Amino acid sequence: MDALYGLLIAPFADFAFMQRALLGALMLSLGACPVGVFLMLRRMSLSGDAMAHAILPGAAAGFLLYGLEILPMTVGGLVAGIVVALGAGAVSRFTIQREDASMAAFYLISLAIGVLMVSLKGSSVDLMHVLFGTVLALNDEALALIGGIVVVTLAALAVFWRALVADCLDPLFLRSVSRMGGPAHFVFLGLVVLNLVGGFQALGTLLSVGLMILPAAGARFWTSRVGPMCVVAVAIGFASCVAGLLLSYHLSLPSGPAIILSAGTVYLGSILFGTRGALRNRIVPHRHRTA
């Protein structure tokens, strides 16, 4: 029992920085994972990755002006994300280019600008901080910001739940019977940017989308209903955060990548062993034929 306590409980019980990291990561999962489910159902997973890169120039601008201060970098990232989302949407709406191509173009430009801006003033350490985050260095201000984002996200999902689900399943039908289609889409994009900005504080711009997409993708192999899928995604997110932080502590690994790799491991396991996974799909028809 002592060995089990030292392996699983002691790191969080003995160190305040581990407690803060765990609280921040769990709050991020609570807000980002349900948003990731809707991203996946809308077939916009790669768009989420593009948006994660898009916030970098704004965060870099805040860094250049104020250093590693949370509020300026957050506001800058939020503004940059909204500008890129609206810009890519406008290009796809008023030109012949589709939204995926315009989003890719905008995020590549944004990523290059952001890295260049950070490199002009900061060191390679600063660049790594912006790109990959420092979940083990979360302070009260960062936790308060993440908590506020989670509250806004859950409230918006509760208000727009029916419209978001309908927009995923049949957007044309929603637009034909309700005026909520357009507002729900823009609210959803806002939630994506908001949660990516929150994830940026802990996991950086390059990994924040991982906590949003991987648990959602894994949950897809366990249920086909949207509500339970969100619950399963949050559970996978929670487990990945705990496992990643423990791996980071015991094996001296970078905490952000350890969390994302833990989520990736659960995703791969879900592909094989989920109730809607590969092995289940092969075994069940075989049993049916032999019955």
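**Figure 1. S252 lies in the loop that links helix 11 to helix 12.**
Welcome to the first close-up of this predicted model. S252 has a phi near 55°, a positive value in a residue other than glycine. With a relative accessible area of 66%, S252 counts as exposed. Helix 11, on one side of this loop, covers residues 226–251. Helix 12, on the other side, covers residues 255–273.

**Figure 2. S255 belongs to helix 12 and is buried.**
Staying with helix 12, we find S255 within its span of residues 255–273. The relative accessible area of S255 is 10%, under the 20% that marks a buried residue. Who are the contacts of S255, leaving aside its neighbours within four places in sequence? They are V135, L136, L245 and S248. If you would like to find one of these partners in a helix, try L245 or S248, and look along helix 11, residues 226–251.

**Figure 3. S240 sits in helix 11 and is buried.**
Here we look at S240, in the helix that runs over residues 226–251. Its relative accessible area is 1%, and S240 is therefore classed as buried. The side chain of S240 has a partner in the backbone: the oxygen of I236, reached at 2.7 Å. Setting aside neighbours within four places in sequence, S240 also touches I259, S262, A263 and V266. To place these four contacts, follow helix 12, residues 255–273.

**Figure 4. C33 and C241 are two cysteines without a disulfide.**
A disulfide is a covalent bond between the sulfur atoms of two cysteines. How many disulfides does the structure hold? The count is zero. For C33, the closest cysteine sulfur is that of C241, and because 7.3 Å separates the two, they are too far apart for a bond; the cut-off is 2.5 Å. Seen from the other side, C241 is in no disulfide either, and its nearest cysteine sulfur is the one in C33. Are these cysteines buried or exposed? C33 is buried, with a relative accessible area of 0%. C241 is buried too, at 0% relative accessibility.

**Figure 5. A cavity is lined by residues that include L28 and A32.**
Rolling a probe the size of a water molecule over the atoms shows where empty space is left. The search gives one cavity of 30 Å³ or more. The volume of the largest cavity is about 40 Å³. Its lining is made up of L28, A32, N195, G199, L203, S208, L211 and M212. Helix 2 and helix 10 (181–219) are the elements that give two or more residues to this lining. Which of them supplies the largest share? Helix 10 does, with six residues. By type, the lining divides into five nonpolar residues, three polar and no charged.

**Figure 6. A16 lies in helix 2 and is partly exposed.**
Helix 2, which takes part in the cavity lining of the previous view, covers residues 16–41. A16 has a relative accessible area of 47% and is partly exposed. Between the C-alpha atoms of A16 and M44 there are 37 Å, for residues 28 apart along the chain.

**Figure 7. Helix 3 is largely enclosed by the rest of the structure.**
This helix spans residues 45–54, and seven of its 10 residues are buried, so the surrounding structure encloses most of it. The buried ones are S47, G48, A50, M51, A52, H53 and A54.

**Figure 8. Helix 4 has buried residues and is followed by G67.**
Helix 4 takes in residues 56–66. L56, P57, G58, A59, A60, G62 and F63 are its buried residues. Just after this helix comes G67, whose phi is positive, near 80°.

**Figure 9. V151 is an exposed residue of helix 8.**
Helix 8 runs over residues 140–169, with V151 among them. V151 has a relative accessible area of 57%, and so counts as exposed. Along the chain, V151 and L71 are 80 residues apart, and their C-alpha atoms are separated by 18 Å.

**Figure 10. R175 is a partly exposed residue of helix 9.**
Our last stop is helix 9, residues 171–177, where R175 is found. The relative accessible area of R175 is 43%, which makes this residue partly exposed. From R175 to A163 the C-alpha distance is 9.8 Å, with their positions 12 residues apart in sequence counted as the separation.

Terms used. Residues numbered from 1 in each chain as written. Predicted model: local features only at pLDDT ≥ 70, side-chain atom pairs only at ≥ 80, totals over all residues. Heavy atoms only, no water. Buried < 20%, exposed > 50% of the residue type's maximum accessible area, 1.4 Å probe, protein only. Helix = DSSP H or I, 4+ residues; strand = E, 2+ residues; numbered from the N terminus. 1 Å grid on protein atoms, 1.4 Å probe; cavity = no way out; pocket = protein on both sides within 12 Å on 5 of 7 lines; lining within 4 Å. Points joined across faces, edges and corners; volume = space filled by probe spheres on them. Nonpolar A, V, L, I, M, F, W, Y, C, P; charged D, E, K, R; others polar. Polar contact = N/O pair within 3.5 Å; in protein donor to acceptor, adjacent residues only side chain to side chain. Contact = heavy atoms within 4.5 Å.
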